[in-house]
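Me: I've got this model open and I'd like a close look at one part of it. Could you walk me through one helix and the cysteines, and then set them against the whole chain?

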Amino acid sequence: MGDRNHCTHERALSVSEDDITVVFHKVDSHGTNRGDDNDDGECGDNERQATEWIHLQSNCRVSCGYDDDDDAQETREEARGSENSPEGCEKKALCPPAFCVRRQPASREESAREGPEKPKRCPGLGLFYAFLSTVFFSIIALLVKTIEGVHAIEISAIRCFFQMLFTMPLLIYHKTGFLGPRDKRIYLVLRGFIGSNAMILLFYAVQQMPLADATVIMFSNPVFTSLLAWIFLKERCTIWDCVFTVFTITGVILIARPPFIFGQHLRGIEGDYTNHIKGTVAAFAGAIGAAFTFVVLRKIGKSVHYYLSVWYYAVIGFIECIITVSILGEWKIPFCGRDRWMLMLIAVLGIAGQTFLTKALQIEKAGPVALMRTVDVVLAFTFQFIFFNRAPTLWSLGGALCVVASTSGVALRKWCSSSRKSSKG
């Protein structure tokens, strides 16, 4: 047996800020049978040797790499070629349990090799979206109250028209089509018809009665949604739903103040009592219509894109409003240029409010979003006092308290129920 020359390659242990790099030295043996190369036993600098290192990180990943120098590519090829030889570089290295250490996250270079991390969701972003949608809807009600000489149905028609213009490019971009699935079209038509009627009734109520009173009555729709879901969707109805319904009806009665209960002399009524009753009935019917809309949307589920639902709402509402205004002969062009800009602003804010509300429901539970929507009542009373110089009466405040307590109770109950189900799952 001939003498064997030994070449020892070693590399110092390097510790970086974010990981630990442990490098093992190895001995490359060269037999004398290959000739008189390297008779002196020294390792020349021209020899290309493969150096291995092991990264020990928090997830205990082991990687075998090579020096990032000018000869890196040739070193890799030589290592691949000598994989099966005794002198070759071992391609696989195991990490013993004792070597598993926890350190700080990987460095920027390591993170770049592993791929970008998913961005963390900002806490409270869903509630912020819900707050924005609430503010936009409150401003819409204020603008409807401010515009004079234009019927509520005409305002609804203009809003639906601009909503169609903004929704059409979105449908083309998402490639959802304009009709939707065949088995869901009847529900989409029903959603568009009921939803547009609820919008018309709300606008009419705002024009006929104080802004805060109309908003409070319209805000009672979550309570009726639970009852209608129990009737049509066979969802569970508890004793609490009945209690919240009684509280809501009590709040509506306190706001309406019928003469056979409160007498003939009423304070805080805007205009005559006939218009006040018309507004109350319209707001109450609009709340029930909105509740029906939510039930239909639950029936549709997530099988239909949201923008397609908005498209049906805008198209059917526009057709319905045009026919109704033409029959009533109420089509009028606003005399003031300010009112025309307000009509366009109502359409834009309506689209923005629906978009933010949808995004809020996508990243946040329905309970907290519904609770955030109670800010709408506070804004309505604030706007009424600032812009119309009308202070709320005690009856209106009592009715608002009953309605807000009922809707908040429904939201909290559903929130707790969904939280228990998720924790059990």
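Reply: Sure, and keep in mind that this is a predicted model. Let's start with helix 11, which takes in residues 306–328. Helix 11 has 23 residues, so at 1.5 Å a residue it should span 33 Å, and its end C-alpha atoms are indeed 33 Å apart, which agrees. Right after helix 11 comes glycine 329, and the phi of that glycine is positive, near 70 degrees.

Now for the cysteines. You won't find a disulfide anywhere, as the structure holds zero of them. Take cysteine 160: its nearest cysteine sulfur belongs to cysteine 321 and sits 5.1 Å away. A disulfide here needs the two sulfur atoms within 2.5 Å, and cysteine 160 is in no disulfide. Cysteine 160 is also buried, because its relative accessible area is 0% and the cut-off for buried is under 20%. Cysteine 242 has a relative accessibility of 37%, so cysteine 242 counts as partly exposed.

Stepping back to the whole chain, helix 11 belongs to a set of 15 helices, and there are five strands as well. The chain has 425 residues, and 41% of them count as buried; cysteine 160 is one of the buried residues. Looking at contacts with a separation of 6 or more, 81% are between residues 24 or more positions apart. As for the outside, the protein chain has an accessible surface of about 24,800 Å², with carbon and sulfur atoms making up 61% of that.

Notes. Residues are numbered from 1 along each chain as its sequence is written. This is a predicted model: local features need pLDDT of at least 70, side-chain atom pairs count only at pLDDT 80 or more; totals for chains, interfaces and linings use all residues. Side-chain values use heavy atoms; hydrogens and water are left out. Helices (H or I, at least four residues) and strands (E, at least two) are DSSP runs, numbered from the N terminus. The expected span of a helix is 1.5 Å times one less than its number of residues. Buried means under 20% relative accessible area, exposed over 50%, partly exposed in between (1.4 Å probe, protein chains only). Contact means heavy atoms within 4.5 Å. Accessible areas come from the Shrake-Rupley method with a 1.4 Å probe; for residues, only the protein chains shown count as cover.
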